Amino acid sequence: MSKQLDITKMLHQVIDLELTADDALELMIGPEARLQTVYVQLDMKLSAFAKAAGWANVLHSHRDIDHEQLRKLYVQGLALFLLASAKRQWTHLVVLSDEQWQRITTADKKDKLADLNKEYLAIKNFLNGAYFDRRHEDFRHAWHLWLKMGIIDFDISPEEITTSYQVMVDQFNAQFE
């Protein structure tokens, strides 16, 4: 079993990043608009990840995947998932038990077009249910699918995620020093 991500640390870091940005940019956004913005940004990041992964671009199926770019987009999406959980006060949904981690990291790899399309669309559907109907179980399912998609389907190791996440945090903080 691979080493589990330190979700709690990552969660604290993304909350701190938002506070830093709020202070530096003097953002005056209400809580509902802020939540909407996080979900919109997450949706855009999911789309950017899918585009970079290239599985649905059937007209250009021989395209090389830029693993570094894919990893960066994945980690940015992961950070937005964590921020969305904080906004909804659903942080308990993103911290994983050993059993949940085991189930995610031993899932079957999906690499066929139809399977990846279904996973992607399921994530988006679950996120819509989480946002519009406040269904926390939908959020949990989307989160687990996102973790599985990156770690299993696109071979982004937990170590790569941890390192890339820290680089992202450091780069973001450097903007506001």
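**Notebook: helix packing and loop residues**

Aspartate 155 was my starting point, and I noted that this residue is partly exposed, with a relative accessible area of 48%. I am working from a predicted model, and I keep that in mind for every entry below.

**Entry 1, around H7.** I placed aspartate 155 in the loop between H7 and helix H8, the latter covering 158-175. The backbone there caught my attention, since aspartate 155 is not a glycine and yet has a positive phi of about 55°. I then turned to the helix that precedes this residue, H7, which covers residues 136-153 and has 18 residues. From its first C-alpha to its last, H7 reaches 24 Å, which is close to the 26 Å expected at 1.5 Å a residue. I also looked up how far H7 is covered, and found that 14 of its 18 residues are buried, so the helix is mostly covered.

On the other side of H7, I checked arginine 134, which is found in the loop between helix H6 (113-132) and H7. Arginine 134, which is not a glycine either, has a positive phi of about 55°.

**Entry 2, glutamine 100.** Is glutamine 100 buried or exposed? I found a relative accessible area of 13%, and because the cut-off for buried is under 20%, glutamine 100 counts as buried. This residue lies in helix H5, residues 98-105. Leaving aside its neighbours within four places in sequence, I listed Val95, Arg140 and His144 as the residues in contact with glutamine 100.

**Entry 3, H2 against H3.** I next followed helix H2 (residues 31-53) and helix H3 (residues 67-87), whose axes come within 9 Å and cross at roughly 155°. Because angles over 145 degrees count as roughly antiparallel, I recorded H2 as roughly antiparallel to H3. The crossing of these two helices is left-handed. On the H2 side, I noted that the residues making the contact include Leu35, Val38, Leu42, Leu46 and Phe49, while those on the H3 side include Leu70, Leu73, Gly77, Leu80 and Ala84. Sorted by class, the residues of the contact of H2 with H3 divide into 16 nonpolar, three polar and three charged.

In the loop between H2 and H3 I looked at glycine 54, which counts as buried at 16% relative accessibility. I also took the separation of the C-alpha atoms of glycine 54 and arginine 71, which is 14 Å for two residues 17 residues apart along the chain.

**Entry 4, H1 against H3.** How do H1 and H3 pack, and at what angle? I read an angle of about 80°, with their axes 9 Å apart. Because 65 to 115 degrees counts as roughly perpendicular, I entered H1 as roughly perpendicular to H3. The contact is made by Ile7, Met10, Leu11, Val14, Ile15 and Glu18 of H1, and by Leu78, Ala79, Leu82, Leu83, Ser85, Ala86 and Lys87 of H3. By class I have ten nonpolar, one polar and two charged residues in the contact of H1 with H3. As a reminder to myself on spacing, an α-helix has 3.6 residues a turn, so residues three or four places apart point the same way.

Last, I checked threonine 8, which is found in helix H1, residues 7-25. At 38% relative accessibility, threonine 8 counts as partly exposed. The C-alpha atoms of threonine 8 and glutamate 18, which are ten residues apart along the chain, are separated by 16 Å.

How values were computed: Residues are numbered from 1 along each chain as its sequence is written. This is a predicted model: local features need pLDDT of at least 70, side-chain atom pairs count only at pLDDT 80 or more; totals for chains, interfaces and linings use all residues. Side-chain values use heavy atoms; hydrogens and water are left out. Axes are lines fitted to C-alpha atoms, for helices over the stretch in contact, and angles run from 0 to 180 degrees between N-to-C directions. Angles under 35 degrees count as roughly parallel, over 145 as roughly antiparallel, 65 to 115 as roughly perpendicular and the rest as oblique. A crossing is left-handed if the near helix is turned anticlockwise from the far one by less than a right angle, and right-handed if clockwise. Contact means heavy atoms within 4.5 Å. Ala, Val, Leu, Ile, Met, Phe, Trp, Tyr, Cys and Pro count as nonpolar, Asp, Glu, Lys and Arg as charged, and the others, Gly among them, as polar. The expected span of a helix is 1.5 Å times one less than its number of residues. Buried means under 20% relative accessible area, exposed over 50%, partly exposed in between (1.4 Å probe, protein chains only).
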